[in-house]
Amino acid sequence: MGKFVIKQTNTGFKFDLKAGNGEVIATSEVYTTEAACLKGIESVKANACVDVEDQTVEPIEEKKHPKYEVYTDKAGEFRFRLKARNGEVIAQSEGYKAKASCLNGIESVGKNAPDAEVAEA
């Protein structure tokens with residue numbers, strides 16, 4: 001079972017979604033308040049099982065928000081970001097060497113986020 005872990009930073013609050021094995025699957029932006037961070041978690045829970053827009057292949061088959069976007073970063077690694085209905089990024093992944101691993105990360109968010117508990121770091 002997954003877990004959202006809220007951490008206080010120098011500039012606010014952020015969360016990590018961790019899988020049952022403790023691995024970080026996705027991370028949030030930094031929110032100015034803990035309440036905003038909790039709203040972000042609720043948004044990830046609500047939007048965890050949505051379509052995937054693969055931006056690494058042409059032509060890009062655009063999906064409507066909410067959606068996951070799979071893309072390659074400057075280092076050539078695969079990443080995903082989860083966007084809410086309003087287009088805001090609510091969670092993002094680390095870099096993956098293989099696209100299949102990135103897609104597994106998305107699948108893991110879908111499995112873990114909806115019922116994940118929330119904890120303080």
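**Exercise 1. How many helices and strands does the secondary structure of the protein chain come to?**

Before we start: this is a predicted model, where local features need pLDDT of at least 70, side-chain atom pairs count only at pLDDT 80 or more, and totals for chains, interfaces and linings use all residues. Residues are numbered from 1 along each chain as its sequence is written, and side-chain values use heavy atoms, leaving out hydrogens and water.

Step 1. Find the DSSP runs: helices are H or I with at least four residues, strands are E with at least two, numbered from the N terminus.
Step 2. Tally them up: two helices and eight strands.
Step 3. Put them in sequence order and you get β-β-β-α-β-β-β-β-α-β.

**Exercise 2. Work out how β6 and β7 are joined.**

Step 1. Check the pairing, which takes at least two DSSP bridges between two strands. β6 and β7 pair in the antiparallel sense over three bridges.
Step 2. Pick out a bridge: Lys 83 partners Val 89 in β7.
Step 3. Look at the link: the two strands form a hairpin with five residues between them, and Gly 87 in the turn has a positive phi of about 90 degrees.

**Exercise 3. Is Ser 108 buried or exposed?**

Step 1. Locate the residue: Ser 108 sits in helix α2.
Step 2. Apply the cut-offs: buried is under 20% relative accessible area, exposed over 50%, partly exposed in between (1.4 Å probe, protein chains only). Ser 108 has 18% relative accessibility, so it counts as buried.
Step 3. List its contacts (heavy atoms within 4.5 Å). Skipping neighbours within four places in sequence, Ser 108 touches Ala 19, Ile 25 and Ala 113.
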